[in-house]
Amino acid sequence: MNISPFFINLHSAYQAEMDDLTFDSDGRDVLPQRLAAKRKEIGFLVQMMELSPEMVAVIFHQGFAFSQPAAMDHLLSHEADEFPEWSSLSGGIELAPWTRELVQVILQAPKGEWFLTLAAGLHYMAGKPVAAFAGQGDEDSEDSEDSDDDDTDGPDDFDDHESDEVRGDARDRDAAGASWLEGHGFDRKD
C-alpha cells in the first residue's frame, strides 16, 4: 500500500487527537462522553474542517464500515487536492445510523464532500495495524541507502529539504491542535 505524505502526517495528528480525547487527567476512559460532546458542536466544527480536519474527523469514530478496501487503499495514495469524489467512495462505506445527521450537516458546508472523503480515509487508516505504515512517509529506504554513497549536491538534497517542510507542517498542526484542546479545558499531552 502506497500512502501519501498527506495521509501519513494527518494520521499521526489524528491519533494524537484520539489519544487526547480518550483519557482524563485521572486516567479514566472518557472517550464516549467527549465524542458525544464534540458531536453536539457540529455547527462550530464545520468551520474547522479544512484548517484542522483531524480534530473534526474524530466525531466519526466507529461510524464507518468499509466494504471496498481497494478503493480506500487507492484513496490513501492521494494528496489533499487529488481526492476522488465522495460519491465514488460512499457506495463502499456503510455509515452507522447515528452519523447520518452529521453527514448531512457536513455536506451542506463548503468542502463538505472533500472532508468526508478525508475523514473516511483517516478512519480506514485507524483500523489498520501500525505495521501497515512502516517505512511510509520516510524517504524510500533504497534511495537513502544509495544516497549514503553519493555526497554530491543535487535533486536529492532538495527532496530531503521538502520532506523536512512536510514533517514541520505536521508538527505545527500537532502543536496547534494541542493548544486548541488546552484552550477548551483538555490536558496537554506531553
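Guide: A contact here means heavy atoms within 4.5 Å of each other. Among contacts in this chain between residues at least 6 apart in sequence, 76% join residues at least 24 apart. The model is predicted, so to speak of local features we need pLDDT of at least 70, and side-chain atom pairs count only at pLDDT 80 or more, while totals for chains, interfaces and linings use all residues. Residues are numbered from 1 along each chain as its sequence is written, and side-chain values use heavy atoms, with hydrogens and water left out.

Visitor: What makes up the secondary structure of the chain?

Guide: The chain has 10 helices and two strands. Helices (H or I, at least four residues) and strands (E, at least two) are DSSP runs, numbered from the N terminus. Along the sequence they follow the pattern α-α-α-α-β-α-α-β-α-α-α-α.

Visitor: Why is D24 called buried?

Guide: Buried means under 20% relative accessible area, exposed over 50%, and partly exposed in between (1.4 Å probe, protein chains only). D24 has a relative accessible area of 14%, so D24 is buried. Buried residues make up 39% of the 190 residues in the chain.

Visitor: What makes D24 and R28 a salt bridge?

Guide: A salt bridge needs a side-chain nitrogen of Lys or Arg within 4 Å of a carboxyl oxygen of Asp or Glu. For D24 and R28 the N to O distance is 2.8 Å, so the pair qualifies. R28 also meets D26 in a salt bridge, at 3.4 Å from N to O. Both R28 and D26 are exposed. Together, D24, D26 and R28 are linked in a network of salt bridges.

Visitor: How do you know that E50 and K111 form a salt bridge?

Guide: Their closest N and O atoms are 3.9 Å apart, and the limit is 4 Å, so this pair counts too. E50 lies in the loop between α3 (42–45) and α4 (53–57), and K111 in the loop between α7 (100–108) and α8 (112–126), so the pair ties together parts that are 61 residues apart in sequence. A search of the whole structure finds four salt bridges.

Visitor: Why is E50 called exposed, and why is K111 called partly exposed?

Guide: E50 has a relative accessible area of 51%, so E50 passes the 50% mark and is exposed. K111 stands at 40%, between the two cut-offs, and therefore counts as partly exposed.

Visitor: What lies over the face of W114?

Guide: That is K111, at 5.0 Å from the ring centre. A charge sits over a ring if NZ of Lys or CZ of Arg is within 6 Å of the ring centre and within 35 degrees of the ring normal.

Visitor: How many aromatic pairs does a search of the whole structure find?

Guide: The search finds seven. Take F6 and F7: their ring centres are 5.5 Å apart and their planes at 75 degrees, so the pair is edge-to-face. Rings of Phe, Tyr and Trp (its six-membered ring) pair if their centres lie within 6.5 Å; planes under 30 degrees apart count as stacked, over 60 as edge-to-face and the rest as tilted.

Visitor: Why is the pair of F6 and F83 called edge-to-face?

Guide: The centres are 6.0 Å apart and the planes stand at 65 degrees, which is over 60, so edge-to-face is the right name. F6 lies in helix α1 (residues 5–22) and F83 in the loop between α5 (69–76) and α6 (86–90), so the pair ties together parts that are 77 residues apart in sequence. F6, at 17% relative accessibility, counts as buried, and so does F83, at 12%. One aromatic cluster is formed by F6, F7, F83 and W114.
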